[in-house]
Amino acid sequence: MEFRLSLVLILVSLPAILAQDVGNTKKAGNVKVVVNGILAIARVDNNFICATIDWWNHEKCDYNQCPWGSASALNLNLSHPLLAKSIQAFNQLRIRIGGSLEDQLLYDVGNLKYPCHPFRKKSHGLFGFSRGCLPMSRWDELNQFFSKTRPIVTFSLNALSGRHHKSGGVWVGDWDSSNAYDFINYTVSKGYQIDSWEFGNELSGRGVGASVGAEQYGKDLIKLKHIINQLYNKSRTKPALVAPGGFYDQGWFAKLLQVSGSGIVNVITQHMYNLGAGVDPKLVSRILNPGYLDLASGTFHDLEQTVKKNGPWASIWVGESGGAYNSGGRNVSDTFVDSFWYLDQLGMSAKYNTRVYCRQSLVGGNYGLLNRTSFVPNPDYYSALLWHRLMGQGVLAVNSNASADLRIYAHCARGRAGITVVLINFSNDTDFIVNVENILDFNLGAHERNISKESYFKRSLKKTVSWVGRKALDKPVYREEYHLTPKNRNLRSKTMVLNGAPLEITKDGNIPELEPAHVLANSPLTISPLSIKFVVLPYFDAHYACA
């Protein structure tokens, strides 16, 4: 109780602590940041970073652009060494296979009622395409590739099978599970490792192209859960059931959880494309506008509350997000400037207990992490890789007197002591000087005297050493900095620069090493205009929050 009281007193005094520097703030942008290393405010999955492989083919075109080429799961070049190396660099990247065409996808196994043809353009088809089909020979090839690259796989199933189109975009009728049953049974019989099965794509609420009522959807999820339990009854672990893979609609999501009931859905997934259309001329200005980016926080908050109230057994994922819809923005989504949106949304979503964040896409469209023909990484690939390697599961509260132009996120460091801070400077003319402090390092003054000298908090406080604390007196202490800028200061460059060195594929065809700059801990921490910096503070005491 004494420890909690002390913590409350610190938190109450934070505004006054931070205000001490406000009056002296100059154009240089002096910022005081207080990180709470006592309690984590949220937790993410150990494999928070995720990327998607879609079904779109070369005929998928938007705004007279056809940016998908051979990026479909049906014809992606699995033999290209750079594709494998890009996945292996994550040491288990989470991958979701799914997308708009999945609800027209058949599996060529069992008693399939239709010929197995690839997707083709069809004027009156859903999304302008015919049914498509996944041959089991291709499924075998994908799983051979997965066995080599070791991703954590989510496969999203056709949720429109057996239903019929009623009116508008509404589809009705029971789900025909026979083809999905045969496909999952084949997968189990081959020993293929699937972490989770997802049900449907963007059929929630009003849907995109098609929709299914929440009550019907919930009943069908119960059926799918039964199939999973039956087919995996001899397995040591069972895949999770993930749904609905759609845009958040409070009433629809709540009803889904109520109808399906406790323990049926393990993960609730939402999709997020908050930047608007890929062709929108305001796309770059939206990416660089913190106020506009803040609007997404309402959706994260509302979904978190809906799940807490109606399905507290389920965790939350962003199942698909590419920033701008309709394949992303050409020469925007695949350039340095997109990382301002991407990293900000990773940090924002994590604060609302989003456990996994799936980026649309690994390859394909304008928003691919990899170039769709050469598989050379685009800038967001390196942002994702740094996040994966440096940011741990514990999400820490950050208070600061920074302007809106400086975003600050803090997590427990991944696989080591200390914390990692992400600084995103949206200002085009301000260098921020950042002083990171530990909430435990403040002198409580009179408040301390009211608490027993032998209290748990005081004993802990005596042991506490911040990253600029007593350890720095024994030997030099360093922090690690990963400063990200665009090549030639061009925000729409497709080459990211790390600590002054362009990130490029090595001469022997490998992903480059991401080496930090080691900086003395007591030297000023700065972030230049329109740049991003990961900072690892290994001696920041956050063992209570990160244990």
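This report describes the disulfides of a predicted model.

**Overview**

The structure contains 4 disulfides. A disulfide is a covalent bond between the sulfur atoms of two cysteines. When bonded cysteines are counted along the chain, the pairing follows the pattern 1-6, 2-3, 4-5, 7-8. Three of these links are treated below, and their geometry is listed in the table.

| Disulfide | S to S distance | Torsion about the S-S bond | Handedness |
|---|---|---|---|
| Cys50 and Cys358 | 2.1 Å | about 85° | right-handed |
| Cys61 and Cys66 | 1.9 Å | 100° | right-handed |
| Cys412 and Cys546 | 1.9 Å | about -90° | left-handed |

**Cys50 and Cys358**

The sulfur atoms of Cys50 and Cys358 are joined at 2.1 Å. This disulfide links distant parts of the chain, with its two cysteines 308 residues apart. Cys50 belongs to strand S2, which covers residues 49-53, while Cys358 belongs to strand S15, which covers residues 354-359. The torsion about the S-S bond is about 85°, and the link is therefore right-handed. Cys50 has a relative accessible area of 0%, so it is buried. Cys358 has a relative accessibility of 1% and therefore also counts as buried, the limit being under 20%.

**Cys61 and Cys66**

Cys61 is bonded to Cys66, with an S to S distance of 1.9 Å. The torsion about this S-S bond is 100°, and the link is right-handed. With a relative accessibility of 36%, Cys61 counts as partly exposed, because the value lies between the 20% and 50% limits. Cys66, at 37% relative accessibility, is likewise classed as partly exposed.

**Cys412 and Cys546**

In the disulfide of Cys412 and Cys546, the sulfur atoms lie 1.9 Å apart. The torsion about the S-S bond is about -90°, so this disulfide is left-handed. The pair connects distant parts of the chain, 134 residues apart. Cys412 is located in strand S17 (residues 406-413), and Cys546 in helix H15 (residues 543-546). The two partners fall into separate accessibility classes. Cys412 has 5% relative accessibility and is therefore buried, whereas Cys546 has 28% and is therefore partly exposed.

**Accessibility of the bonded cysteines**

The burial classes can be read pair by pair. Cys50 and Cys358 are both buried. Cys61 and Cys66 are both partly exposed. The link of Cys412 and Cys546 joins a buried cysteine to a partly exposed one.

Key: Residues numbered from 1 in each chain as written. Predicted model: local features only at pLDDT ≥ 70, side-chain atom pairs only at ≥ 80, totals over all residues. Heavy atoms only, no water. Disulfide = S-S within 2.5 Å. Helix = DSSP H or I, 4+ residues; strand = E, 2+ residues; numbered from the N terminus. Buried < 20%, exposed > 50% of the residue type's maximum accessible area, 1.4 Å probe, protein only.
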